[in-house]
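Here is a set of short exercises to work through with the sequence and the 3D view side by side. Try each task on your own before reading its solution.

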Amino acid sequence: MAVFAPWADQPPLRRLFIRNMILDANIGVFPHEQGVSQRIRVSVSFGVDDRTDLEIGADDLSRTVSYEQVVVLVRQIVAEGHVRLVETLAERIAAGVLADNRVKVVRVRIEKLDVFEEIEAVGVEIERRSTSA
């Protein structure tokens, strides 16, 4: 993921992220992927409204989205059961993050880690925007 948010043409956003969360997931379309778990790496980056002035805001969690909420959400979605496609899992996570109306945009990367011996990871990255943004 980029150092600076790829949505710079939009109103100022504060970019929060969870990087490289490793989980065991029941995922895959092929027969050998049924009934077994696979290691996945999940990264989530999301934008919430930011100040346009140079003032320091209140040192209070109420002015942002808690990372913990997103971590718990990802764990819950992965634990719900078998998913055939990494795309579907990414879409479910994106929709869950966007359910918080403070989130304007979300980017989700899902990587399957042990698919090919000579490849670190395969996967998908999606970006979704709030319809009210």
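**Exercise 1. Follow one strand pair into the sheet.**
Task: Find how many bridges pair E3 and E4, and in which sense. Then work out the strand order of the open sheet.

Solution.
- Step 1. E3 and E4 pair over 8 bridges, in the antiparallel sense. Keep in mind that you are looking at a predicted model.
- Step 2. Pick out Arg 107 and look across to E4: the bridge partner there is Glu 127.
- Step 3. Now widen the view. The open sheet holds 4 strands in the order E1-E2-E3-E4, with antiparallel pairing.
- Step 4. E1 and E4 are at the edges; each has a single partner strand, so one side of each has no neighbour in the sheet.
- Step 5. From one strand to the next, the twist averages 10°.

**Exercise 2. Place the helices.**
Task: Write down the order of helices and strands along the sequence, and say which strands each helix lies across.

Solution.
- Step 1. Count the elements: the protein has 2 helices and 4 strands.
- Step 2. Along the sequence they give the pattern β-β-α-α-β-β.
- Step 3. H1 lies across E1 and E2, and runs at about 35° to E1.
- Step 4. H2 lies across E2, E3 and E4, and runs at about 155° to E3.
- Step 5. For a residue that shows H1 meeting the sheet strands, take Arg 75, which is found in helix H1. Leaving aside neighbours within four places in sequence, Arg 75 is in contact with Met 21 and Leu 23.
- Step 6. The C-alpha atoms of Arg 75 and Leu 23 are separated by 7.9 Å, although the two residues are 52 residues apart along the chain. Arg 75 counts as partly exposed because its relative accessibility is 49%.

**Exercise 3. Look inside.**
Task: Which residues touch the most other members of the largest nonpolar core, and which element gives the most to this core?

Solution.
- Step 1. The largest nonpolar core has 32 residues, and Val 44, Phe 46 and Ile 93 touch the most other members.
- Step 2. Two or more residues come from each of strand E1 (13-25), strand E2 (38-49), helix H1 (67-79), helix H2 (86-98), strand E3 (103-112) and strand E4 (122-129).
- Step 3. H2 gives the most to this core, with 7 residues.
- Step 4. This fits a general pattern: in soluble globular proteins, nonpolar side chains tend to be buried together.
- Step 5. For the protein as a whole, 38% of its 133 residues count as buried. Among contacts between residues at least 6 apart in sequence, 64% join residues at least 24 apart.

**Exercise 4. Charged pairs between strands.**
Task: Which residue forms a salt bridge with Lys 104, and which forms one with Arg 107? For each of these residues, decide whether it is buried or partly exposed.

Solution.
- Step 1. A search of the whole structure gives 10 salt bridges.
- Step 2. Lys 104 forms a salt bridge with Asp 49, with the closest N and O atoms 4.0 Å apart. Lys 104 is in strand E3 and Asp 49 in strand E2, so the pair ties together parts that are 55 residues apart in sequence.
- Step 3. Buried means under 20% relative accessible area. Lys 104, with 18%, is therefore buried, whereas Asp 49, at 47%, counts as partly exposed.
- Step 4. Return to the bridge partners of Exercise 1. Glu 127 and Arg 107 also form a salt bridge, with the closest N and O atoms 2.8 Å apart. This pair links strand E4 to strand E3, 20 residues apart.
- Step 5. Glu 127 is partly exposed at 27% relative accessibility, and Arg 107 is buried at 17%.
- Step 6. Elsewhere, Arg 41, Glu 111 and Glu 120 are joined into one network by salt bridges that share partners.

**Exercise 5. A charged residue in a loop.**
Task: Where is Asp 100 placed, and is this residue buried or exposed?

Solution.
- Step 1. Asp 100 sits in the loop between H2 and E3.
- Step 2. Its relative accessibility is 18%, so Asp 100 counts as buried.
- Step 3. Asp 100 forms a salt bridge with Arg 102, the closest N and O atoms being 2.7 Å apart. Arg 102 is partly exposed, at 32%.
- Step 4. Not counting residues up to four places away in sequence, Asp 100 touches Val 65 and Gln 69.

How values were computed
Residues numbered from 1 in each chain as written. Predicted model: local features only at pLDDT ≥ 70, side-chain atom pairs only at ≥ 80, totals over all residues. Heavy atoms only, no water. Core = buried A, V, L, I, M, F, W, Y, C linked by side-chain atoms within 4.5 Å. Buried < 20%, exposed > 50% of the residue type's maximum accessible area, 1.4 Å probe, protein only. Contact = heavy atoms within 4.5 Å. Salt bridge = Lys/Arg side-chain N within 4 Å of Asp/Glu carboxyl O. Pairing = 2+ DSSP bridges. Axes fitted to C-alpha atoms, helices over the stretch in contact; angles between N-to-C directions.
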